Amino acid sequence: LFQKKYAEAAALAKEIMTANKFSLFASYAGNFYKPDQNNSKEIMFSVKYLRPNVLHQDVAVAVSLLRWKGEQGTQDLINEYEAADGKDTASSAVYVKGKPFENRDPRMRYTFFFPGDTKAQGWPFTGALAVATPGKDSWTTGYYAVKKWLDPNLVDPDYGAIDDNDFVLLRYADILLMYAEAQNEATGPDASVYAAIKQVRNRSNMPDLPAGLSQADMRTRIRHERRVEFALEGLRYFDLRRWGIAVQKLDGFVPDPSQPNLKTKYKANYEYWPIPQTEIDRNAPVLEQNPGY
């Protein structure tokens with residue numbers, strides 16, 4: 001599906017890294033809210049907004065998703081977050097069974113609200129809604145997937161809320177992990193691969209990767225890192241396609257374990273969109289429909 005030019009991709013990413021124009025922002029969460037966004041050298045491209053005239057209603061969307069639980073993190077994604085010592089929850093010395101939201105990769109709590117969260121964890125509601133509780137919908141995992149983009153200064157936001165937070169399209173963290181991925185595929189897990197990932201992990205107070213990883217093991221680690229670093233930023237689907245594992249991961253996926261018969265459907269021909277019939281007719285007989293449509 002994709003022509004893979006790993007060495008070239010690594011070299012281009014390296015050019016950006018050595019130009020010293022961008023760097024990781026000290027605050028992971030600060031990349032998603034004003035005023036920190038104005039000072040972040042990590043944000044490379046974004047859709048800019050500015051009070052009082054250039055605003056958007058993404059907050060209203062977030063509030064709607066939060067109140068009605070229309071978008072949630074799956075248990076599969078929550079399980080992806082390591083314990084705070086960099087190990088999985090089964091082998092970690094700091095993970096406490098029965099307290100699944102404590103002593104985890106900090107990026108998990110920067111991204112999600114969890115049952116029991118209050119104002120101390122950034123929960124924006126007061127009164128009867130002062131404590132986050134699992135939803136009562138027909139489909140609910142109990143994980144609220146709105147914290148990463150929800151302005152922490154809001155109190156009791158409602159559907160008409162507006163905001164001027166910029167929508168981030170590309171962060172320097174992505175360049176570092178692009179480099180790590182391309183370099184690992186081109187030459188294996190050399191010191192520069194470890195160094196790039198170290199920057200991303202250490203910024204969120206996560207420990208270094210263990211030494212001596214094989215190329216395959218490093219590939220797994222990089223894919224993990226991308227998933228948790230960029231959760232809810234719209235990159236996961238394109239990563240799965242680039243890695244050639246979209247069908248494996250998405251076809252038959254069960255979002256809610258309590259409803260095992262509710263599965264996603266994703267076929268190989270979904271890698272390409274259908275071509276509009278008007279375009280096929282306009283370019284007949286040269287242009288043909290993509291397979292499967």
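**Entry 1: R203 and its surroundings**

I started with the contacts of R203 in this predicted model. Setting aside the neighbours within four places in sequence, I found R203 in contact with L24, F25, A26, Y28, N31, E42, R171, A173 and E229. R203 itself sits in helix 7, which covers residues 191-203. Is R203 buried or exposed? I looked up its relative accessibility, and because the value is 12%, under the 20% cut-off, R203 counts as buried. One partner deserved a second look: the side chains of R203 and E229 are joined by a polar contact of 3.0 Å. E229 belongs to the stretch 215-229, that is, helix 8.

**Entry 2: N202, next along the list**

I then turned to N202, which is also placed in helix 7. Which residues does N202 touch once the neighbours within four places in sequence are left out? I noted P207 and D208. The relative accessible area of N202 is 30%, so I wrote this residue down as partly exposed. R203, by contrast, went into my notes as buried, at 12%.

**Entry 3: helix 1 against helix 6**

Next I checked a helix pair. Helix 1 (residues 6-19) packs with helix 6 (residues 172-187) at an angle of about 145°, and their axes are 8 Å apart. The crossing of helix 1 past helix 6 is left-handed. On the helix 1 side I listed Y6, A7, A9, A10, A13, K14, I16 and M17 as the residues making the contact. On the helix 6 side the contact is made by Y172, I175, L176, Y179, A182, Q183, E185 and A186. How many residues of each class take part in this contact? I recorded 13 nonpolar, 1 polar and 2 charged residues.

**Entry 4: backbone oddities**

I went through the backbone torsions with one reminder in mind: most residues other than glycine have a negative phi, and most peptide bonds are trans.

Where does the chain depart from that habit in its peptide bonds? I noted a cis peptide bond between K34 and P35, with omega about 5°. P35 lies in the loop between helix 1 and helix 2, the latter being residues 36-39. I also noted that the bond from A284 to P285 is cis, with omega near 0°. P285 is in the segment after helix 11, which spans 277-282.

For phi, I picked out N20, a residue other than glycine with a positive value near 60°. N20 lies in the loop between helix 1 and helix 2. Its relative accessibility is 64%, so N20 counts as exposed. N103 is not a glycine either, yet its phi is positive, at about 55°. I placed N103 in the loop between helix 4 (75-80) and helix 5 (106-111). With a relative accessibility of 38%, N103 counts as partly exposed.

**Entry 5: two loop residues**

G212 was my next stop, in the loop between helix 7 and helix 8. Is G212 buried or exposed? At 74% relative accessibility, G212 counts as exposed. I also looked up its distance to D190: the two residues are 22 apart in sequence, and their C-alpha atoms are 9.6 Å apart in space.

F253 came after that, in the loop between helix 10 (246-250) and helix 11. Because its relative accessibility is 23%, and buried would need under 20%, F253 counts as partly exposed. What does F253 touch beyond its neighbours within four places in sequence? I wrote down T74, D76, L262, K263 and T264. F253 and K265 are 12 residues apart in sequence, with a C-alpha to C-alpha distance of 7.7 Å.

**Entry 6: stepping back to the whole protein**

I closed the session with the overall picture. The secondary structure comes to 11 helices and 2 strands. In sequence order I read the pattern α-α-β-α-α-α-β-α-α-α-α-α-α. The protein has 293 residues, of which 41% count as buried. R203 is one of the residues I had already marked as buried. For the surface, I noted that the protein exposes about 15900 Å², with carbon and sulfur atoms supplying 56% of that area. Last, I looked at contacts between residues at least 6 apart in sequence, and 64% of them join residues at least 24 apart.

Key:
Residues are numbered from 1 along each chain as its sequence is written. This is a predicted model: local features need pLDDT of at least 70, side-chain atom pairs count only at pLDDT 80 or more; totals for chains, interfaces and linings use all residues. Side-chain values use heavy atoms; hydrogens and water are left out. Axes are lines fitted to C-alpha atoms, for helices over the stretch in contact, and angles run from 0 to 180 degrees between N-to-C directions. Helices (H or I, at least four residues) and strands (E, at least two) are DSSP runs, numbered from the N terminus. A crossing is left-handed if the near helix is turned anticlockwise from the far one by less than a right angle, and right-handed if clockwise. Contact means heavy atoms within 4.5 Å. Ala, Val, Leu, Ile, Met, Phe, Trp, Tyr, Cys and Pro count as nonpolar, Asp, Glu, Lys and Arg as charged, and the others, Gly among them, as polar. Buried means under 20% relative accessible area, exposed over 50%, partly exposed in between (1.4 Å probe, protein chains only). A polar contact is a pair of N or O atoms within 3.5 Å; within protein, one must be able to donate a hydrogen and the other to accept it, and residues adjacent in sequence count only if both atoms are side-chain atoms. Accessible areas come from the Shrake-Rupley method with a 1.4 Å probe; for residues, only the protein chains shown count as cover.
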